[in-house]
Amino acid sequence: MRTSHVADRWAFGTILVAGIIICATTYASEAIERFSEVAANTPAVDESRCSYTTISTSASEEDVLEERFTADEDDAWRLVKVNGMDPNAEEIEAYADAARQRDRRNHPLAFDLQKLAQMDSLRMSSEDADTVTFTFLLRPDEERENQEFLEKMLGKLIVSKTEHRPVLFILESAKPFSPAPTFKIKEFRQEMRFQYDGTLSTSVVVEIKSHFLAKAFIFKTIKDDRVVKFSDYTCR
C-alpha cells in the first residue's frame, strides 16, 4: 500500500509538471499569435520618403523648439519656431551649428513591430478590458549603432484589444550599467505613444517621453527629461 501511495504521488506530480509545461507553452504561443496580429495590423512605411514636424521641450533647456524634417532634402531639418516665435538670426546660426547632432536622430516611422521583439522572450504580462501588455527582449540588429545599449533594455508594448494596434511602447533599463569605464547609466526610460493615421493606414508615433540619468567620472551627474511631439506626417 505504501509503495502504491508513493507511485500515485509521483504520477500525480509528473502530470502536474507536464500540465504546467503545456500551459506555459500554450500561453507563449498565444502571446506570439496575438503580438503577430498587432504587428501585421501596423505595417511599416518607407520612412526615407516621409516628412514630419516636431515640438520638443526639455527640463534642462528653457526653449521650446518647433522643427520640420523634410525628406529627400540635403538640409532636411529647419527651425520653425522658438517659444512660438519666428527664430532670430542668432538662433538660426546656433541651430545650423548643431546640424551634426540632428543627423543622428532616428526617424519616428522607422519603428517596425515585425523586427522589434525576440519572440522566444515574448510574454503577455497583463490584460484588462481594453488593453493587453506584452514584455520582451529586443531583437538584435547589426545595423543599429547603439546595439550594445539596446541589449540592456527591456521592452513593453501596450496594445488596444478592440483595434489590435499599439498604444504605448516603453523601453526601460532593467538595472544600472556602464557602456564605458567612466560612464554609468543609472536610469533610462522612453515612452512612445501611438495614434492611427488614416492617410498612411498605420499607427504612427505622436509623442516620445524620455528620462535619462547618468554619472560621468564619478562626480558629474547628467540628467535629461524630454518630451517630443510629432505631427504633420507627409509621405511622397
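**One disulfide and a run of antiparallel strands**

A search of the whole structure, which is a predicted model, finds one disulfide, the term being used for a pair of cysteine sulfur atoms within 2.5 Å. The bond joins Cys50 to Cys235, with an S to S distance of 2.0 Å. These two residues link distant parts of the chain, 185 residues apart: Cys50 belongs to strand S1 (residues 50-58) and Cys235 to strand S11 (residues 220-235). Strands here are DSSP runs of E with at least two residues, numbered from the N terminus. The torsion about the S-S bond of Cys50 and Cys235 is about 110 degrees, so the disulfide is right-handed.

How accessible is each partner, Cys50 and Cys235? Cys50 counts as buried because its relative accessibility is 1%, whereas Cys235 is partly exposed at a relative accessible area of 29%. Buried means under 20% relative accessible area and exposed over 50%, with partly exposed in between (1.4 Å probe, protein chains only).

Next come strands S4, S5 and S6. Strand S4 (residues 123-127) runs antiparallel to strand S5 (residues 131-136), and four bridges join them; pairing requires that DSSP finds at least two bridges between two strands. Three residues lie between S4 and S5, which form a hairpin, and Ser126 stands opposite Thr133 in S5. S5 also pairs with strand S6 (residues 153-160), in the antiparallel sense over six bridges. There, Val132 stands opposite Val159 in S6.

Residues are numbered from 1 along each chain as its sequence is written, and side-chain values use heavy atoms, with hydrogens and water left out. In this predicted model, local features need pLDDT of at least 70 and side-chain atom pairs count only at pLDDT 80 or more, while totals for chains, interfaces and linings use all residues.
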